[in-house]
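Trainee: I am new to this structure, and I would like to understand how each description of it is justified. Could we go through some of the terms one by one?

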Amino acid sequence: MTLCNVLPWIQTAHQEGYAIAALNANTLEQMQSVVLAAQAENAPVIIQVSHRALQYVGSGSTVLGLQYMAAMGKVAAASVDVPVSLHLDHADENEVLQAIALGFTSVMFDGDDLPFAENVATTKRLCAIAHSVGVCMEAEIGEVPKPDGAAYDPAAIDLTTPDDAEQFVAATGIDTLAIALGSVHGLKDKSVALDLERLQAIRKRVDLPLVLHGSSGVNDADIAQGIKLGLAKVNIATQLSKAFTGAVREVLAADNDLVDPRKYLGPGRTAQIEVVCERLRFVGASGKA
Ligand SMILES: [Zn+2]
């Protein structure tokens, strides 16, 4: 299929108490694993691209990275017959506009660094542009830290307040809202708990599909409970890279003479397909295409 706006599937998931998974891709093989797993599970799916993935794929140029990812995303979506969306995560204003122009079907504006009023104004403006061309718009209020391996203080995380969430949604017109419930980007172990009481309080004030960032570091029981309470898009990145790289490491460790990249990237892709299938079943998206 051609790349689609996955919002109707997210809204159905929200109503019925399951979630759609957004799976990060940094390489061609990782992108293929997302759509091949979605096809195997008959699940609607979101290929998610981060700012750093754009820089990597574009050798430092985010514009070139966007062009590569848009082209690969279109081919990946066309190779399967389940709904596939291509989402740009944590983007600034320019990147949002470039991604929309290049055919991304979903974008997240991250106005984290802006004062509330300016964040609202920019999000609202970008949201109107996205909607005029049928693109799904996500934005975030609160902070999901990106410590990138460094130490961080869990007590200092700026968690989303129900007041801010309600005001932000009403003022911007966004489709999905990313909220901070204590998760952290890039954690390799599922050790973090979510503030589920906060989620319930937000849900009482905001009737919009809510988005969990940093799920790789959150214990599965809390994610499952969070999905029942309104998290309808679950972002997954590190958990996939962990499986991919683990398989590559195993193949390389077993054969010092191996030089053909296909012989280690292929097993990486296969290992990641398995994890994506498992996550699609876990969030409840399997069979929902
Ligand atoms: Zn994120």
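Mentor: Let us begin with a pair of helices in what is a predicted model: helix α6 (residues 116-132) and helix α7 (residues 162-172) cross in a right-handed sense. The residues that make the contact are V120, T123, K124 and C127 of α6 and F168, A171 and T172 of α7.

Trainee: Why is α6 called oblique to α7?

Mentor: The two helices pack at an angle of about 40°, with their axes 9 Å apart. Angles under 35 degrees count as roughly parallel and those from 65 to 115 as roughly perpendicular, so an angle that belongs to neither of these nor to those over 145 is oblique, and that makes α6 oblique to α7.

Trainee: Which other helices cross in this part of our discussion, and at what angle?

Mentor: Helix α10 (residues 238-254) and helix α11 (residues 262-283) cross at roughly 145°, and their axes come within 8 Å. The crossing of α10 and α11 is right-handed, and the residues in contact include L240, A243 and F244 of α10 and Y264, P267 and G268 of α11.

Trainee: What makes the strands a barrel?

Mentor: Eight strands close up in the order β1-β2-β3-β4-β5-β6-β7-β8, and their pairing is parallel. From one strand to the next, the twist averages 25°.

Trainee: How do you know that β1 pairs with β8 and with β2?

Mentor: Two strands pair if there are at least two bridges between them. Strand β1 is joined to strand β8 (residues 231-236) by four bridges and to strand β2 (residues 45-49) by three, so by that cut-off β1 pairs with each of them. One residue shows both links: A22 has N235 as its bridge partner in β8 and stands opposite I46 in β2. Between β1 and β2 comes helix α2 (residues 28-41), and together they make a right-handed β-α-β unit.

Trainee: Does the same reasoning apply elsewhere, and how many bridges join β3 to β4?

Mentor: Three bridges join strand β3 (residues 84-91) to strand β4 (residues 106-109), and the two run parallel; one of the bridge partners is F109 in β4, opposite A91.

Trainee: Why is β1 described as largely enclosed by the rest of the structure?

Mentor: Five of the five residues of β1 (residues 20-24) are buried, so the strand is largely enclosed. Both faces are covered, with I20, A22 and N24 buried on one side and A21 and L23 on the other.

Trainee: Why is A156 called exposed, whereas N42 is called partly exposed?

Mentor: A residue is exposed if 12 or fewer other C-beta atoms lie within 10 Å of its own, and buried if there are 20 or more. A156, in the loop between β5 (136-141) and α7, has 8 such neighbours, so A156 counts as exposed. N42, in the loop between α2 and β2, has 15, so N42 falls between the two cut-offs and is partly exposed.

Trainee: And what makes S59 exposed?

Mentor: S59 has 9 C-beta neighbours inside 10 Å, so S59 counts as exposed; it is found in the loop between α3 (51-57) and α4 (62-78).

Trainee: What is noted about phi in N42 and in S59?

Mentor: N42 has a positive phi of about 50° although it is not a glycine, and S59, another residue other than glycine, has a positive phi near 45°.

Definitions and conventions:
Residues are numbered from 1 along each chain as its sequence is written. This is a predicted model: local features need pLDDT of at least 70, side-chain atom pairs count only at pLDDT 80 or more; totals for chains, interfaces and linings use all residues. A crossover is right-handed if, with the strands pointing away from the viewer, the path from the first strand over the helix to the second runs clockwise. Axes are lines fitted to C-alpha atoms, for helices over the stretch in contact, and angles run from 0 to 180 degrees between N-to-C directions. A crossing is left-handed if the near helix is turned anticlockwise from the far one by less than a right angle, and right-handed if clockwise. Two residues are in contact if their C-beta atoms, placed from the backbone, lie within 7 Å.
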